[in-house]
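User: I'd like to go through the labels on this model and hear what each one rests on. Here it is.

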Amino acid sequence: MKHGEFIMDCYFRYVNLAIHGLLSNKFRVILSILGLSLGVFSVIIVMALSLGADESLRSFYHMKEGWYIIKPDLLVFPDAELKYDTCKTIDLHCPDVMTVVPYKETKMLFNNNYGDEERIIGTANVKLFQSVKEGNFFTGEDVMLGSSVCVMVYSDIKFNPLAKSFWAVRKPVGETTSIENIPVKLVAILERDPYGQGFGINDVIMPVTTVMNMTGDRTLTRIEVKMTSKSDEKAVKQLREALKIDYGYKYNWFKIESSLEEFRDKAETVRFSSMVLFAIALLTMSVAGTGIINILIVSVYERTLEIGIRRSIGATRWEILIQFLIEASIICFMGGITGVLIACPSVKGLIHVINKYGLYNISLSDHVNWPLIISFSLIFSVFLGILFGVYPAGYASKLDIVECLRHGEGD
C-alpha cells in the first residue's frame with residue numbers, strides 16, 4: 001500500500017470511529033450542534049449586515065465627494081444668521097462652484113386629524129439622492145414664484161406625514177392639505193433615501209421661498225455647495241472669500257465643512273457597531289464551545305473502557321487524540337452547516353425589513369458575498385472544533401490503560 005493511501009485509510013478509520021462515538025450520544029450531540037449553529041448564525045448575520053453597510057457607504061462617498069456645507073456656528077456665535085442672498089454671492093464669486101443649494105428647516109402645524117407639527121424643509125435645485133416614486137419634484141419656477149407645493153417621502157410606516165395627511169387617498173399626488181391654514185398641493189412622492197443623507201420619511205419638502213414667505217424669515221439653516229476643486233483647502237478658501245463679501249469681519253461666524261465629514265462619522269459608527277456585534281456573536285460561539293467541551297469530557301468518561309481496550313490492542317495516544325479531535329470537528333462542522341442554512345434566508349429577510357422600514361439610517365446592500373461568508377463560517381467552525389476539542393482529546397489520550405480497564409470492570 002502506498003504511503004498516501006495508508007494515510008487516507010487511517011483518516012477514514014478515525015472518522016468512522018468518531019462518527020460511531022457521536023451516534024452513541026445522539027441527543028447531546030444534537031444540542032451541541034444547535035448551540036453552535038446559533039453562534040454561526042449570529043456571526044453570519046453580523047458579517048452580512050456589516051458588509052452591506054460598508055458597500056452602501058462606499059457608494060455614498062462617491063456621490064457626496066466635492067460637496068461642502070456652510071452653516072452658522074451657533075454654539076460660539078448665537079446671533080449668526082445665514083442670509084438667503086448669500087447663495088447668489090457664492091454663485092457669482094466662486095470660480096469652482098457648480099451648484100448652490102439653500103436649506104431652511106422649521107416646524108409648522110399640519111391641519112389634519114392629528115394636528116401635529118412636522119419638520120418642513122425648504123430647498124431649491126436640490127441634488128436628489130433618492131428617486132421619485134410618483135409625480136414630479138417642484139421646479140425652479142416654483143421656487144421663483146414661491147408656489148404652495150410640497151413633496152413627501154413614501155414609507156410603509158403609517159405615522160409619517162404622508163400617511164397622516166393623505167391616509168384616505170389611494171393616489172395622493174395632486175391632492176391638497178393645509179399647513180398653518182395655507183393650502184399646499186402634493187406634487188411628488190420620493191422613494192426612501194438609500195444612504196440616509198437625503199430627505200427622511202418625516203420630512204415635508206417645499207420651495208425655500210415658500211417656507212420663507214410662510215415664516216416671514218429670510219435666513220437659512222445651511223447652504224450646500226458643489227465645487228469642482230479637488231482640493232478642500234482651495235474650495236474652503238473660495239467660500240470664505242464669498243462670505244466676506246456679505247458679512248465682512250463676521251465671516252468667521254460660519255462653519256464650512258466637507259460633506260464627507262458626516263460620512264466619516266457615520267462610517268466610524270457603523271464599524272464600531274459591527275465590531276461590538278461581532279464580539280457578541282463570538283461570545284455566543286464561545287458559550288456553545290464550552291458545551292462541546294462538556295459533552296466530550298462526558299463522552300470520554302463514559303467510554304473509558306473503550307479507550308482502555310483500544311490502547312491495549314495497540315492504539316497509540318496520538319490516535320486517541322486524533323479520534324476525539326475529529327469528533328469535536330464534526331460537531332462544529334455540522335453546527336456551521338446548520339447555522340449557514342438558517343442564516344441564508346434570514347439575512348435576506350432581515351435586509352429587506354431594514355431597507356423597507358428604515359430601521360437603519362442607510363439602506364443595506366443586498367448583494368451579499370455568500371462564498372466568502374460561508375467559507376469563513378465553516379472554516380472558523382472547524383477551527384473552533386479543534387480548539388474546543390484539545391482539552392477533552394488530550395485528557396482521553398493520557399488515560400492509563402490499566403485504570404481504564406479497571407474502571408470498565410467496575411462498571
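User: Among contacts in the chain between residues at least 6 apart in sequence, what share joins residues at least 24 apart?

Analyst: That share is 79%, with contact meaning heavy atoms within 4.5 Å. Before we go on: this is a predicted model, where local features need pLDDT of at least 70, side-chain atom pairs count only at pLDDT 80 or more, and totals for chains, interfaces and linings use all residues. Residues are numbered from 1 along each chain as its sequence is written, and side-chain values use heavy atoms, leaving out hydrogens and water.

User: How many helices and strands does the chain have?

Analyst: Twelve helices and twelve strands. Both are DSSP runs numbered from the N terminus: H or I over at least four residues for a helix, E over at least two for a strand.

User: What makes Gln-238 a buried residue?

Analyst: Buried means under 20% relative accessible area, exposed over 50%, and partly exposed is in between (1.4 Å probe, protein chains only). Gln-238 has 13% relative accessibility, so it counts as buried. It sits in helix α7 (residues 232-247) and, leaving out residues up to four places away in sequence, touches Cys-94, Pro-95, Asp-96 and Met-227. Across the chain's 411 residues, 46% get the buried label.

User: Which residues of α6 are buried, and what covers them?

Analyst: In helix α6 (residues 208-215), the buried ones are Val-208, Thr-209, Thr-210, Val-211 and Met-212. Their cover includes β3 (97-109), β4 (117-123), α4 (140-145), β9 (203-207) and β10 (219-220). Right after α6 comes Gly-216, with a positive phi near 70°.

User: β3 turns up there. How do you know that β3 and β11 pair, and in which sense?

Analyst: The rule asks for at least two DSSP bridges between two strands. β3 and strand β11 (residues 222-227) have six, in the antiparallel sense, so they pass. One place to look is Thr-99, whose bridge partner in β11 is Lys-226.

User: And how many bridges join β3 and β4?

Analyst: Seven, again antiparallel. Met-108 has Glu-118 as its bridge partner in β4.

User: What makes the ring pair of Phe-77 and Trp-253 stacked?

Analyst: Rings of Phe, Tyr and Trp (its six-membered ring) pair if their centres lie within 6.5 Å; planes under 30 degrees apart are stacked, over 60 edge-to-face, and the rest tilted. The count by this rule is five aromatic pairs. For Phe-77 and Trp-253, the centres are 5.1 Å apart and the planes 10° apart, which makes the pair stacked. Phe-77 is in the loop between β1 (67-72) and β2 (82-83) and Trp-253 in the loop between α7 and β12 (254-258), so the pair ties together parts 176 residues apart in sequence.

User: Are those two residues buried or partly exposed?

Analyst: One of each: Phe-77 has a relative accessible area of 23%, so it's partly exposed, while Trp-253 is at 18% and therefore buried.

User: Why is the pair of Phe-137 and Phe-138 called tilted?

Analyst: Their ring centres are 4.4 Å apart and the planes are at 35°, so tilted is the right word. Both Phe-137 and Phe-138 are buried. Ring pairs also link Phe-376, Phe-380 and Phe-383 into a cluster.

User: Why does Ile-256 count as buried?

Analyst: Ile-256 is at 13% relative accessibility, so the label fits. This residue of strand β12 has its C-alpha 4.7 Å from that of Ile-70, 186 residues away along the chain. Leaving aside neighbours within four places in sequence, its contacts are Ile-69, Ile-70, Val-236, Leu-239, Arg-240 and Leu-243.

User: And what makes Lys-164 buried?

Analyst: Its relative accessibility is 10%, so Lys-164 counts as buried too. You'll find it in helix α5 (residues 161-166). Its C-alpha is 9.4 Å from the C-alpha of Asp-116, 48 residues apart along the chain.

User: Last one: where is Leu-38, and why is it called partly exposed?

Analyst: Leu-38 is in helix α2 (residues 26-64), and its relative accessible area is 45%, so partly exposed it is.
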